[in-house]
Amino acid sequence: MRASFSSRALRWIQTMTFAIKEINQRRDLLPDLKLGFHICDSCDDIPVSLRAAFLLVNGQPERSLKAGSVMRDQRQEKSHALSCAALKRTVSPVIIGDAGSGVSMALLRSLGSFHIPLVSYFASCSCLSDQTEFPTFMRTMPSDTFQIRALARLVSYFGWTWVGVIGVKSDYARFAIQLFLQESEQYGVCTAYTHFYPVDLSQEALDELLDVIQMSSSKVIINFSSESEMQGILKAMQRENLTGFQWIASEAWATAKSLWEESRDLLMGTLGFAIRRATIIPGLQQHLTNLTPLAIQKSAFLAEFWEETFNCRLNSSVNSYYYRVEGLQDRLPCKGTEDLNDVYSPYSDVTELRVSYNVYKAVHLVAHALQDMTSCKDGEGPFINGTCADPKNFKPWQLSYYMKRANFSVLGEKVNFDKNGDPIAYYDLMNWQRRSDGSLNLVKVGFYDASLPTGHSLVLNDSMIQWPIGKQAIRSVCSNSCPSGSRIARRKGEPICCYDCVPCAEGEVSNETDSLECLHCSEETWPNKAKNFCIPKTIEYLSYHDFMGILLCVASGLGACTSLLIFGIFFTYKDTPLVRANNMELSFLLLVFLAICFLISLLFIGRPSDWLCRIRYPAFGISFALCISCLLAKTAVVLIAFRARLPGSRAMKWFGPKQQRASVLLGTAVQVLICLIWLSTSPPRASNNTNYHSATIIIECVTGSEVGFWCVLGYIGILACMCLVMAFLARKLPDNYNEAKFITFSILIFFAVWITFIPVYISTAGKYTVAVHVFAILASALGLLFCIFAPKCYIILLKPEKNNKKRLLQR
């Protein structure tokens, strides 16, 4: 079947002929030379292209090529190989073409040994930039290297981290996709799939492609293909009703308006980078439309275009053979009144002069290279011994030398090339938008300029973009963004864009989305509830402002006041028999020491500091040692007093008031010694404890030396045990004289309190530990106070009749 005719490609040919005609009419460019040309159809077939190229460079007539060769609509609109030479030359020293990367590579490998320069206007494969393999290749089309960078930046800009990439099975697509995979990694973009399909899309190939697209969660598709392959894909997607995709077009079809008519619903919102557009090439419109009958009859290309456009047959048509093959011989003859201005055709559409502009620049490249060659002066030339090339008789490699160094301006644009023969890349970012009448409006919404710094090379105007669905860009991610307060956890065996969101561990925060790691808070701070920033930790200690602290302060004050009140009562009734009979001096000392014990509990309330910690524990230990020593002395006095009544006993002589005071001091001195050793070796200190509750700083007193702390408690326990034993021994003495049973009760309460205290003390933390300690001090002090002195106060105040010597002497 006859291949479809490419009107765009014919426009490219006509642009070349126009450029040559324009240059030949100029007086400032090549005034002594005229350019000629010969046009051949490559048919997007490597053997045909090679045969035509060899005929051109050998100067042989094209006898075997039919004059009616048909221009075909091929991948990337590759349609023909062009050659330019001086009008009288039969050998072409330079070839302009091919449009396709694959055909260009084949031509270069075949013509490489002849050093024939080849200038392509549409071959974009980055592989052609290898000057070691293709030293004579140049192009006015930017290398795909730059397009791929622009695409990677574009995808990253909109947060599309999960994209599908498809392409036709060709060198162009393979190299482009390989570059994209490498470039996209730098921006954290992953490919959901990579799929190649054949140039001739069979139903089986289409079904396979659609299955790949449907099975993936990606909503963004990048396609490296030409207009013809894209047309087949879109028709298949329409049949399957596959919609809602964001298409990203390669430059090969970024401005292919013919795709819009049948697939506008699928292509609306498409984004793609198109090569630089010429606003206008002066005179080109007239050159394209002012076709004379003679010119049409002489050119097989123009004749076919004319007949296809107006659906008629020219007299003596060079295409009569194809009419017979395809059954078109019944076409009516052309009237001769047909006018291109009356119909729309891509051939005469000069609103998107992109590839045509590249053709125009390619011709000017050759012309300016010849101009530089003409301007060379003998002795200053670039070749051996400063020689110059003869503009009318030069070697192809000499022209290639000047072309590599060409630097000129076309239509106000400065044109130059890098060391690889590639032009400086500039792309327009095009957005496919629907007009109110349903027609296509290609809107420039940004650009990519490779000459700008990397961070500023891509410029976008988001507000101008029309999206496929809604007013915002489609989301296309493998995993949703991890919010602040969490981190990314990679899934084993899957791309880096596929991950789980794991909340930050205790004590860690992340204040960015998609954070790879959580950061530890400092020792003084702790994560907030959302775990997105650190806040100061709560400081905890038993404060005077806490309700519990207030209660303990009140209890401590009442206990001290009660002790002093009883002291006052005893002092008031010091001459009564009851007070005198109960060892008045030791009772007064015990009441004072008990008041001190109550007040010392206040040292455990408030913000701990090093000096406070070094005072509270020794003060606690010494005060209780004084109290228990007094009780021990009182119990000893009771025992010794009754033994002194035995005949011949002199016990009281050896345990008089001085000895009693000395025993209290001695019992306390041991505790003082223990405390001094403790303070001098490893004293208590204030510490910030975060082990119990990480979000809280518990300011507490650590004992420093655990041995010292338990020695203090242990010594108090030893004194209490001695007191209990002696009180137990005195339990059967006469009641009226004996307070041993009250001491026994008080010591039992003391033991009950502190035995209970130890496990509770160990199992609690923070201010509750301190509260337990204070409670134990108050409870044990109150037990001693009430068990020993409450019965006496009861008799003194409420039963004064019993407070007499006679009553006390009764058994």
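Two strands count as paired here if DSSP finds at least two bridges between them, and the exercises below apply that criterion to a predicted model.

**Exercise 1.** Determine in what order the eight strands of the open sheet are arranged, and which strands form its edges.

*Solution.* Following the pairings across the sheet gives the order E7-E6-E8-E9-E10-E13-E14-E15, with mixed pairing. The edges are then strand E7 (190-197) and strand E15 (458-460), each of which pairs on one side only. Neighbouring strands of the sheet are turned by 25° against each other on average, when direction is ignored.

**Exercise 2.** Establish in which sense, parallel or antiparallel, strand E6 pairs with E7 and with E8, and in which sense E13 pairs with E14.

*Solution.* Begin with E6 and E7, which run parallel and are joined by seven bridges; within this pair, Val165 stands opposite Thr194 of E7. The link through helix H5 (residues 171-185) completes a right-handed β-α-β unit with these two strands. Next, E6 pairs with E8 in the parallel sense over five bridges, and Val163 has Val220 of E8 as its bridge partner. Finally, E13 (residues 426-434) and E14 (residues 440-449) are antiparallel over nine bridges, with Met430 partnered by Lys444 in E14.

**Exercise 3.** Decide which residues of E6 point one way and which the other, and whether they are buried or exposed.

*Solution.* In a regular strand the side chains alternate between the two faces of the sheet. In E6, Trp162, Gly164, Ile166 and Val168 point one way, whereas Val163, Val165 and Gly167 point the other way, and all are buried. Helix H4 (residues 144-157) lies across E6 and several other strands, including E8, to which H4 runs at about 175°.

Key: Residues are numbered from 1 along each chain as its sequence is written. This is a predicted model: local features need pLDDT of at least 70, side-chain atom pairs count only at pLDDT 80 or more; totals for chains, interfaces and linings use all residues. Side-chain values use heavy atoms; hydrogens and water are left out. Helices (H or I, at least four residues) and strands (E, at least two) are DSSP runs, numbered from the N terminus. Axes are lines fitted to C-alpha atoms, for helices over the stretch in contact, and angles run from 0 to 180 degrees between N-to-C directions. Contact means heavy atoms within 4.5 Å. Buried means under 20% relative accessible area, exposed over 50%, partly exposed in between (1.4 Å probe, protein chains only). A crossover is right-handed if, with the strands pointing away from the viewer, the path from the first strand over the helix to the second runs clockwise.
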